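Welcome, and thanks for taking a look at this one with us. Please open the model and keep it at hand while you go through the points below.

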Amino acid sequence: VNSPKTNHGLGITNRNLTSPILVSGDQNTQFHTSTSLNIGDNANEKIEQLTRKMEKLYESFTEMKQSLSQISDYIKTGKKSSMAYPPDPSFLYIICQKMLQENTVVDEKRAFTLCEGRLRLSTVQEVFNLFVVEMFHGSNWIVLTADDEGFVPLTFKPKQEIIIRDGRQTTGPKDFPPPPSPTDSINLDQKIA
């Protein structure tokens, strides 16, 4: 059907350029292509796994390098160097009971970041405008003090809630009511009368 044609001095073409090309062993080529894609997918998976492992190893190496640097600094200066902070800060909630009038107590709730489970007392005093801070612990109100670094000498858990009040309030019949037990369900943002 296709006859040889002259191609303007470039030789004779053997086929019509618009007709499809049949390659001998075309089925083998298709099989080889699909097999190489499957092998390629498996190789890509292995490369991704290796990449994740390398990233974890790099992070561990970076943490180890930082720890060694802190140890080296401590040996040289005798002081603990600043530490790396996590991306998600640990914090606790403080609910401050404030007496507005004789029988009106208002709760103000704020979140404070913790430093290795410790809380800086001066920050709490400044935020709530308190000179003396009392915290409800167990069944007692205790006055909070600070250690030589300015932290309350207690360790707190992340997302823990504590209740404080002004420690200068006089005690007596018109004292703050004790906080509700943890089993009571109340809205802490409402006024307690």
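Which residues are linked with Lys 98 in a network of salt bridges? The partners are Glu 108 and Arg 110, which join Lys 98 in that network. Please keep in mind that this is a predicted model. The points below start with the overall layout and then move through the core, the hairpin, the surface patch, the salt bridges and two backbone details.

**Overall layout**

- The chain contains two helices and seven strands, and along the sequence they come in the order β-β-α-β-β-α-β-β-β.
- Of the 193 residues in the chain, 17% are buried.
- The accessible surface of the chain is about 15400 Å², and carbon and sulfur atoms account for 55% of this area.
- If you take the contacts between residues at least 6 apart in sequence, 56% of them join residues at least 24 apart.

**The largest nonpolar core**

- The largest nonpolar core has 17 residues, and those touching the most other members are Leu 92, Ile 94, Leu 119, Phe 128, Phe 156, Ile 162 and Ile 164.
- Two or more core residues come from each of these elements: strand E3 (91-101), helix H2 (121-128), strand E5 (133-137) and strand E7 (161-166).
- Leu 119 is a handy residue to centre your view on: leaving aside neighbours within four places in sequence, its contacts include Leu 92, Ile 94, Phe 156 and Ile 162.
- Leu 119 is also in contact with Phe 112, Thr 113, Leu 114 and Val 124, as well as with Gly 150, Phe 151 and Val 152.

**The E5-E6 hairpin**

- Strand E5 pairs with strand E6 (residues 140-143) in the antiparallel sense, over four bridges.
- Within this pairing, Phe 136 stands opposite Trp 141 in E6.
- Two residues lie between the strands of this hairpin, where Gly 138 takes a positive phi near 70 degrees.

**A nonpolar patch on the surface**

- Tyr 58, Phe 61, Met 64, Leu 68, Ile 71, Tyr 74 and Ile 75 make a nonpolar surface patch of about 820 Å².
- One of these patch residues, Tyr 74, is found in helix H1 (residues 26-77).
- Tyr 74 counts as partly exposed because its relative accessibility is 48%, between the 20% and 50% cut-offs.

**Salt bridges**

- The structure holds six salt bridges, and three of them are described here, each with its closest N to O distance.
- Lys 98 and Glu 108 form a salt bridge in which the closest N and O atoms are 3.2 Å apart. Because Lys 98 lies in strand E3 and Glu 108 in strand E4 (residues 104-113), the pair ties together parts that are ten residues apart in sequence. Lys 98 is partly exposed at a relative accessible area of 27%, and Glu 108 is partly exposed at 26%.
- Lys 109 and Glu 161 form a salt bridge with the closest N and O atoms 3.0 Å apart. Lys 109 lies in strand E4 and Glu 161 in strand E7, so this pair ties together parts that are 52 residues apart in sequence. Lys 109 is partly exposed at 34% relative accessibility, and Glu 161 is partly exposed with a relative accessible area of 40%.
- Glu 149 and Arg 118 meet through their side chains in a salt bridge of 2.8 Å, N to O. Glu 149 is in the loop between E6 and E7 and Arg 118 in the loop between E4 and H2, so the pair ties together parts that are 31 residues apart in sequence. Glu 149 is partly exposed at 46% relative accessibility, and Arg 118 is partly exposed at 21%.

**Positive phi outside glycine**

- Glu 116, in the loop between E4 and H2, has a phi near 55 degrees, a positive value in a residue other than glycine. Glu 116 is partly exposed, with a relative accessible area of 44%.
- Lys 159, in the loop between E6 and E7, has a phi near 65 degrees, which is again positive in a residue other than glycine. Is Lys 159 buried or exposed? Lys 159 counts as exposed because its relative accessible area is 59%, over the 50% cut-off.

Conventions:
Residues are numbered from 1 along each chain as its sequence is written. This is a predicted model: local features need pLDDT of at least 70, side-chain atom pairs count only at pLDDT 80 or more; totals for chains, interfaces and linings use all residues. Side-chain values use heavy atoms; hydrogens and water are left out. A nonpolar core is a set of buried Ala, Val, Leu, Ile, Met, Phe, Trp, Tyr and Cys residues joined through side-chain atoms within 4.5 Å. Buried means under 20% relative accessible area, exposed over 50%, partly exposed in between (1.4 Å probe, protein chains only). Contact means heavy atoms within 4.5 Å. Patches are made of residues with over 30% relative accessible area and no salt bridge: like charges are joined within 9 Å, nonpolar side chains (Val, Leu, Ile, Met, Phe, Trp, Tyr) within 5 Å. Accessible areas come from the Shrake-Rupley method with a 1.4 Å probe; for residues, only the protein chains shown count as cover. A salt bridge is a side-chain nitrogen of Lys or Arg within 4 Å of a carboxyl oxygen of Asp or Glu. Two strands pair if DSSP finds at least two bridges between them.
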